[in-house]
Every structure is written in C-alpha cells, then in structure tokens.
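Please open the structure in a viewer and keep the selection panel at hand. The tour proceeds by selections, each followed by a description of what is found there.

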Amino acid sequence: MDLNKLNYIVVIAEEKSFSKAAKKLFISQPALSQYVSTIENELNMKIFDRNKYPIKLTITGEIFIKNAKELLNLKAKMIRDINSSTKVFSGTLKIGISPFRSPYILPNILSQMKKIYPDIKLFIVEKYAKELEKLLEKGDIDIAIMSLPFTSKNLSFKEFYDEETYIITPKTEYYSNLSENGEISLEKLKNEQFILPSKKIKAREKIDLLFYNNHLFPQIFLEAETQETILSFVHVGLGIGFASNMSLNHRDWKKDLNVFSIKEEKIFRKFAVVYRQDKILNEVELQLIDFIYNKFNSFRNCATSNITEGKSQQNCIYGNG
C-alpha cells in the first residue's frame, strides 16, 4: 500500500464524491477509482458504498479511514521531528486568513519568517471565517489567523490581540461637532449613509448587532469586502463606516479621517492563531506565532503609552516596523 496515496481515500471520504476528490487532487477520476479498487481488492473489503448518493463509508471503511488518518498524522509527525532535530525546514506552511485582515498582519511578519527560514514555501489562503474553519478541520491549511469565537470543537487557539472598532467619518468640522470627548452617538448618525463590510465578513455580525440593540436601521450606501475600500470611500466623503485599530494604524489613516469611539457600546474583537487540536505545532509554526504576538504586543504597548501620555496613536503604525 502506497502511504503517499493513502490521502486519496481520505479526501474521497471527506468530499463524499469521487469527482470532487479527483478535482481537488488534480488526478483523473478513472485513475482515482482504479486506485481505490486496487486497495479494496488487496484488503478484500469495500471502503465505500457506491450505491449511496453521496457515497458513504462502509463499516469497515470507517475503520480504514480512522487508521489511515492516524498513519498520515504519524508520518507528518515523523517529518516534523526529523526537521526539528536537524534544524532544516524546507517544507510548506499554509496559512489561512481573511482577505479583510491579510494586508495588516502578514507582509511584515512573513518577511521576517523568510529571513530565518529561507527554504520554507509559504502559501496564503484568503477565505472568510467559516471557510477557514472547514479548511483547518480537513487539514488543507496548517494554521489560520482569525477572530474569536469559532464554532468547531476540534480547534485550539493562541490569542494575540484584542482590538476596538471605531466609527470613522470624513475629516470635517460637522462630524467633529457631533462628538463628545472622543465619542459619538449612533443616534446622531441615524440619517447618515453607511459603508459597511460585506455580510461574508465576521466583523459585520457585531456591527449589525450594534444597530439592532439600539433600534436603528442604517441607510447602507454600499458594502465592501476590504477594509481599505471602506477607509478610502469614507475619506472622499461617500459615507461613514467602521474601522479597527489594526487597519487605522496600518497607514496612519487617523490623519485623514475623524475617528470616534461608539458611545452606546464599544465593539471589541479578539484575534488568535487557530489550529487543529490534534496538531503538534512545529518550530516554524511556533516561530510565526511568536512573531505575531510580539508585533502586536509592541503595538499594544505603544498605543497604551501614547494614551497614558495624552498623545495620539499615530506613531504606532502597524506593519511599517
């Protein structure tokens, strides 16, 4: 039995379809079917009940898949252990992250990673939270950088940042006069047009809940899939929106926009590196987590220091250092 091809059968079981598995594995469906038939004949058992749609595992097939996953995990652990002992890391690291957050977190961090591990191949998978959870559970990505909470019970996490979401407006005296001590009430903005994140983006859930809790029905001018789009559109006066510390300090948008805390209730979001519970993090993955934690810790300390001293946070620009 070819251990390298054992993953083929695991993918079929996950996709519940030979055609979908073949497409994912980049091999022909006849070749995939032939490989499964060869294994079934070799073991004198049926792995899949092909009379069901979608296809289902037989009882013996469930036992086969359980042990196949254990073998594949053991193989991966062996490779990690060998790499750890020789300090030679030349494999791949697949990182999942929301396209809403990717520009603010990854560029500076990954440039540091490549200096230490020049032979590592980095793959970035930009998907939204629900898709990232599925990819983690299937083992299609190694780790994900995402906001908490998540729904899966098979995942663990290491939290690295807790950030506030602010209301942003064009930098005009009109909006400045609506604020009190750096806060602005949603009630004063009920007739404004809003530029909001797409409903696919996790941040939108908290924004919608904020409006609902305060019995407000915002006029939505447009929805965007990147934070930079929202910031840019607010900047030219197309509406008002919401933005986080992470994005506002990335390119020092606070010089070009009015930024207010929300008077009715603050929105905070926790960010973490997420991975499967049964995963043993290797040195590269642990190093990546350290880089992320240290970068955001320094940003957090800088912001806290400036607030304490009564200064702006404009010198705490994430991603430039």
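The stops below run from the whole chain to individual residues.

**The whole chain**

Begin with the full chain, bearing in mind that this is a predicted model. Colour by secondary structure: the chain comprises 11 helices and 12 strands. Of its 321 residues, 45% count as buried. The accessible surface amounts to about 17,100 Å², and carbon and sulfur atoms contribute 53% of that area. Among contacts with a separation of 6 or more, 72% are between residues 24 or more positions apart.

**The largest nonpolar core**

Select Ile 105, Ile 145, Phe 160, Ile 168, Leu 231, Leu 288 and Ile 292. Within the largest nonpolar core, which has 41 residues, these touch the most other members. Next, display the elements that give two or more residues to this core: strands S3 (92-97), S5 (143-147), S6 (155-170) and S12 (267-276), together with helices H5 (102-116), H9 (227-235), H10 (245-248) and H11 (283-308).

Centre the view on Leu 288. Which residues does Leu 288 touch, when those up to four places away in sequence are not counted? They are Leu 93, Ile 95, Ile 109, Leu 110, Met 113 and Ile 143.

A second core, separate from the one just viewed, has 23 residues; Leu 25, Val 36, Ile 39 and Phe 48 are among them.

**Glu 159 in strand S6**

Return to strand S6 and select Glu 159, which is located there. Is Glu 159 buried, exposed or partly exposed? Its relative accessible area is 36%, so Glu 159 is partly exposed. Leaving aside neighbours within four places in sequence, the contacts of Glu 159 are Leu 148, Lys 270, Phe 271, Ala 272 and Tyr 293. Add Val 274 to the selection: the C-alpha atoms of Glu 159 and Val 274 are separated by 8.5 Å, although the two residues are 115 residues apart along the chain.

**Helix H8 and its two sides**

Move to helix H8 (residues 203-213) and show the side chains of Ala 203, Arg 204, Ile 207, Leu 210 and Phe 211, which are buried. Why do these buried residues line one face of the helix? Looking down the axis of H8, they fall within an arc of 120 degrees, so they share one face. In general, an α-helix has 3.6 residues a turn, so residues three or four places apart point the same way.

The cover over the buried residues of H8 includes strands S8 (193-197), S9 (219-224), S10 (240-244) and S11 (257-262), as well as S12. Rotate to the face of H8 turned away from its buried side, where the exposed residues Glu 205 and Tyr 212 are found. After H8 comes His 215, with a positive phi near 55 degrees.

**Aromatic rings**

Now show the aromatic side chains; the structure holds nine aromatic pairs. Select Tyr 174 and Tyr 175, whose ring centres are 4.9 Å apart and whose planes stand at 75 degrees, so this pair is edge-to-face. Tyr 174 is partly exposed at 46% relative accessibility, whereas Tyr 175 is buried, with a relative accessible area of 10%.

Proceed to Phe 194 and Phe 242, a stacked pair with 6.1 Å from centre to centre and 15 degrees between the planes. Phe 194 belongs to strand S8 and Phe 242 to strand S10, so the pair ties together parts 48 residues apart in sequence. Both Phe 194 and Phe 242 are buried.

Two further selections complete this stop. Phe 160, Tyr 161 and Phe 296 are linked into a cluster by ring pairs. Lys 254 lies over the face of Tyr 166, 5.6 Å from the ring centre.

**Backbone features in the loops**

Display the backbone from Tyr 53 to Pro 54, where the peptide bond is cis, with omega near -5 degrees. Pro 54 is in the loop between strands S1 (48-49) and S2 (56-57). Another cis peptide bond joins Leu 148 and Pro 149, with omega about 0 degrees; Pro 149 lies in the loop between S5 and S6.

Finally, select Asn 44, a non-glycine residue with a positive phi of about 55 degrees. Asn 44 is in the loop between helix H3 (29-43) and S1, and counts as exposed at 70% relative accessibility. Asn 181 also has a positive phi of about 55 degrees without being a glycine. Asn 181 is in the loop between helix H7 (173-178) and strand S7 (183-184), and is exposed, with a relative accessible area of 83%.

Definitions and conventions
Residues numbered from 1 in each chain as written. Predicted model: local features only at pLDDT ≥ 70, side-chain atom pairs only at ≥ 80, totals over all residues. Heavy atoms only, no water. Core = buried A, V, L, I, M, F, W, Y, C linked by side-chain atoms within 4.5 Å. Buried < 20%, exposed > 50% of the residue type's maximum accessible area, 1.4 Å probe, protein only. Helix = DSSP H or I, 4+ residues; strand = E, 2+ residues; numbered from the N terminus. Contact = heavy atoms within 4.5 Å. Areas by Shrake-Rupley, 256 points an atom, 1.4 Å probe, with all protein chains shown as cover. Arc of directions from axis to C-beta. Phe/Tyr/Trp six-rings, centres within 6.5 Å; stacked < 30°, edge-to-face > 60°. Lys NZ or Arg CZ within 6 Å of the ring centre and 35° of its normal.
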